[in-house]
Amino acid sequence: MAETISTINRTGETYGTLTLWEDAKDGDITAGNAEVAECYDDDGALVDNLIILGWTTDSDSYIKVYTPTAERHNGTAALGFILAPSSGTPIKISDGEYVYILGLILKANFGTGNFGTTLFINTSGFNVWIGYNVIYNGNMGTGNSPSGINVQANGNLKVYNNIVYDYNET
């Protein structure tokens, strides 16, 4: 397995944002390759979002976005790598199979009267693992009715050991 690790939000980082990482790395990573975004909280919350789009993977290849265990949150949204866009969905998986999202803090900000999803999965035939994340709505404005995880596809989805809170819907 040829795993390429890029650091995000860290002193001396490979990429300053997950958007820059995804734009540089998306494409065909089949034949036993893996693209990994290793996320840190060195520079504070990352005001960005991640849209996984334009990837080709297979059962021997994967996309992984994670926080190393030593850098990970302590079960609250107060400590660890935080992905907090100024508005909208922090992570949207639009295509690509074999995706891992592990150990992140995902903070939604949908504003008053808005609907949305903190983690949106819309890809066919997917294999996605979502684990050890803190997923929460940072703005519960009046009329706001977002959801934590929204899956609009069929496939193998494993969601485990996540903390999801401050939502009106599931």
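In the predicted model, Glu 38 is placed in strand 2. This residue is buried yet takes part in no salt bridge, and the nearest side chain of opposite charge, that of Arg 10, is 4.3 Å away. A salt bridge requires a side-chain nitrogen of Lys or Arg within 4 Å of a carboxyl oxygen of Asp or Glu, so a separation of 4.3 Å does not qualify. The side chain of Glu 38 instead makes a polar contact with the side chain of Tyr 66, at 2.5 Å. Residues up to four places away in sequence being set aside, Glu 38 touches Ile 5, Ser 6, Thr 7, Ile 8, Arg 10, Tyr 66 and Pro 68.

A second glutamate of strand 2 has a charged partner. Side chains of opposite charge can pair when their charged atoms come close. Glu 35 forms a salt bridge with Lys 25, and their closest N and O atoms are 3.7 Å apart. Because Glu 35 belongs to strand 2 (residues 33-39) and Lys 25 to helix 1 (residues 18-25), the pair ties together parts that are ten residues apart in sequence. Glu 35 is itself buried, its relative accessible area being 11%. A search of the whole structure finds one salt bridge.

Strand 2 belongs to an open sheet of six parallel-paired strands, arranged in the order 1-2-4-7-10-13. Strand 1 (2-8) and strand 13 (155-160) form the edges, each pairing on one side only. On average, neighbouring strands of this sheet are turned by 10° against each other when direction is ignored.

The pairings around strand 2 can be described in turn. Strand 1 pairs with strand 2 in the parallel sense over seven bridges, and Ala 2 stands opposite Asn 33 of strand 2. Strand 2 also runs parallel to strand 4, to which five bridges join it; here Ala 34 is opposite Tyr 62 of strand 4. Strand 4 and strand 7 are in turn paired in the parallel sense, over four bridges, with Tyr 66 standing opposite Leu 102 of strand 7. Tyr 66 thus recurs in this account, as its side chain is also the polar partner of the Glu 38 side chain. Four of the five residues of strand 4 are buried, so this strand is largely enclosed by the rest of the structure. Helix 1 lies across strand 1, strand 2 and strand 4 (62-66), and runs at about 170° to strand 2.

A further buried position occurs after strand 7. Gly 103 lies in the loop between strand 7 (99-102) and strand 8 (105-108), and its relative accessible area is 1%. Apart from residues up to four places away in sequence, Gly 103 touches Thr 67, Arg 72, His 73, Gly 131, Tyr 132 and Asn 133. Gly 103 and Gly 75 are 28 residues apart in sequence, while their C-alpha atoms are 9.7 Å apart in space.

For the chain as a whole, the secondary structure comes to one helix and 14 strands. Buried residues make up 51% of the 170 residues. Of the contacts between residues at least 6 apart in sequence, 79% join residues at least 24 apart.

Notes: Residues numbered from 1 in each chain as written. Predicted model: local features only at pLDDT ≥ 70, side-chain atom pairs only at ≥ 80, totals over all residues. Heavy atoms only, no water. Helix = DSSP H or I, 4+ residues; strand = E, 2+ residues; numbered from the N terminus. Buried < 20%, exposed > 50% of the residue type's maximum accessible area, 1.4 Å probe, protein only. Pairing = 2+ DSSP bridges. Axes fitted to C-alpha atoms, helices over the stretch in contact; angles between N-to-C directions. Contact = heavy atoms within 4.5 Å. Lys, Arg positive; Asp, Glu negative; His and termini not counted. Polar contact = N/O pair within 3.5 Å; in protein donor to acceptor, adjacent residues only side chain to side chain.
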